[in-house]
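Please open the structure in a viewer and set it to cartoon representation. The tour proceeds by selection, one stop at a time.

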Protein chains: 4
Amino acid sequence: MDDLLQLGKQALASQSFSVLVGAELTGYSRGWAELTIPITPQLKQQRGFVHGGVISYAADNALTFVGGSVLGPAVVTSEYKINYLRPARGTALIARATVVHSGKTQAVCRCDVFVLDEGKESLCAVSQGTIARIGQSSESQA
Amino acid sequence: MDDLLQLGKQALASQSFSVLVGAELTGYSRGWAELTIPITPQLKQQRGFVHGGVISYAADNALTFVGGSVLGPAVVTSEYKINYLRPARGTALIARATVVHSGKTQAVCRCDVFVLDEGKESLCAVSQGTIARIGQSSESQA
Amino acid sequence: MDDLLQLGKQALASQSFSVLVGAELTGYSRGWAELTIPITPQLKQQRGFVHGGVISYAADNALTFVGGSVLGPAVVTSEYKINYLRPARGTALIARATVVHSGKTQAVCRCDVFVLDEGKESLCAVSQGTIARIGQSSESQA
Amino acid sequence: MDDLLQLGKQALASQSFSVLVGAELTGYSRGWAELTIPITPQLKQQRGFVHGGVISYAADNALTFVGGSVLGPAVVTSEYKINYLRPARGTALIARATVVHSGKTQAVCRCDVFVLDEGKESLCAVSQGTIARIGQSSESQA
């Protein structure tokens, strides 16, 4: 297995919340990250769709990982925006993120989130945001 | 207990993911919503802070609830953006959302997310987004 | 000339502010819009680069046009976000917008803004937003 | 006149595009900036309202100025999002920006844009974004 993917899987496994959600890093190389989340009943909202918070988590975390692929592992998402496109119902969420532009301390990235249902993928959310090396974002590292 | 708060608590309890995260609706009236999430180990990332995905969930869901307080219960978050301000460490997250402007089918809302640590609140994220009545967003309701 | 492009050029010519900025619609078809703005001294800021407000205008307007290509001409930009990637210096700005997803009353679109300098294009900003049919956004149409 | 306001007025006057738009800095202190733009025919779109690009310019520039009030004058807007709330018609746009949080190299700020019509102000757009010291954003300073 590729070194970066191996390191990424370890990082994801060390995030308790990612373990709770059941996220898997299914692709990771320089400028590219893919997170897959099997859809379980506990990830849903009251109408039977995947909760928006899960989709946001997927986008946010895929953005962080892809930013880390060019900036190094000590990164955080500084900010992002997301547009939800359709309700997500199916067997898995797949978040795919790419780097649009990277500087020395920050990268601007995009992530598309798909839902897999009966073997067919549909785009269910799109996002765009900034990933920063820790200590270089607007975050105070208290 | 206030009727709207009671209805909101039922709605939140019917979201499996909100139950998984442990969110509580601690304030709900026309144009105002407050979600509180006790910080547990399973909500954290690898550096011991609350995972950004939890903060996003809190903002997203508080935005949806506050939008629903003026538009009625059948609403979704169409889109939002969030800026993270500082790492969140403490005993609880508190997301407070207000309505900036509402039309017939959509509302623009803001949400500030605080972390409570040793009795002191710190602002850890700010967000802004659009909540839409179901069937009135850009979402296809497949 | 293609009908949609012809109609788009007329719409742009009827926007006083677009005339003031000097924007030209250089591509327009279903799901695709391209605005070009020759860079003149009056579009700059104090360090000799194109003012961010011009880049925002370009993104915003290209988003509106591309949304209109699928929703019909009576549309407005409801919201968008933009990330600036590098200072823009050169001879022209080129904003290229596409539709990511469209429903009955709204469309989610993306726009990339390039600067042309000595024959070479560089990406200088990326944006993402929602375009709505008039009367269907969160806007009150007072 | 206050020193910061005086310096800010000089900075604004050195932006050709701000002169073209007719923007005035009408308030400027640490953590606070107000830009006023008299509404002239050349700032409009085809339906007689202020062009969204002007509102975006106002928000973007007020955000930059308010960020500069805490970070120093060499700043740029890295990114922002804006929601339009209602069509703007009247005699002036007034953009008021505040600092939500500032670190060493970046600040997260909000800006509300009002339109003044017959002596009455209405909120017509809300925005939120990140301002960075030059050399500290994701921008390459080519």
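The stops below concern a predicted model.

Begin by selecting chain B and chain D. A turn of 180° with a shift of 0.0 Å along the axis lays chain B on chain D, with an RMSD of 0.0 Å. The two copies are thus related as by a two-fold rotation axis. The same surface serves both: 100% of the contact residues of chain B recur in chain D.

Next, select chain A with chain B. Their contact takes 37 residues from each of chain A and chain B. On the side of chain A that touches chain B, two or more residues come from each of α2 (16–21), α3 (52–71) and β3 (75–84) of chain A; β3(A) gives the most, with nine residues. By class, this side of chain A has 14 nonpolar, 17 polar and six charged residues.

Now select residues 75–84 in chain A and chain B. Here β3(A) and β3(B) pair in the antiparallel sense over five bridges. Within this pairing, Tyr80(A) has Ile82(B) as its bridge partner.

Widen the selection to the open sheet of 12 strands, in which the pairing is antiparallel and β3(A) stands next to β3(B) in the order. The edge strands are β1 (24–29) of chain A and β1 (24–29) of chain B, each of which pairs on one side only. Neighbouring strands are turned by 20° against each other on average, direction ignored.

Within chain B, select β3(B) and β6(B) (residues 120–133), which run antiparallel and are joined by nine bridges. Val75(B) stands opposite Arg133(B) in β6(B).

Finally, select helix α3 (residues 52–71) of chain B. The helix lies across several strands, including β3 of chain A and β4 (92–102) of chain B, and runs at about 40° to β4(B).

Definitions and conventions
Residues numbered from 1 in each chain as written. Chains lettered and ligands numbered in written order. Predicted model: local features only at pLDDT ≥ 70, side-chain atom pairs only at ≥ 80, totals over all residues. Least-squares fit on C-alpha atoms with pLDDT ≥ 70 in both. Contact = placed C-beta atoms within 7 Å. Helix = DSSP H or I, 4+ residues; strand = E, 2+ residues; numbered from the N terminus. Nonpolar A, V, L, I, M, F, W, Y, C, P; charged D, E, K, R; others polar. Pairing = 2+ DSSP bridges. Axes fitted to C-alpha atoms, helices over the stretch in contact; angles between N-to-C directions.
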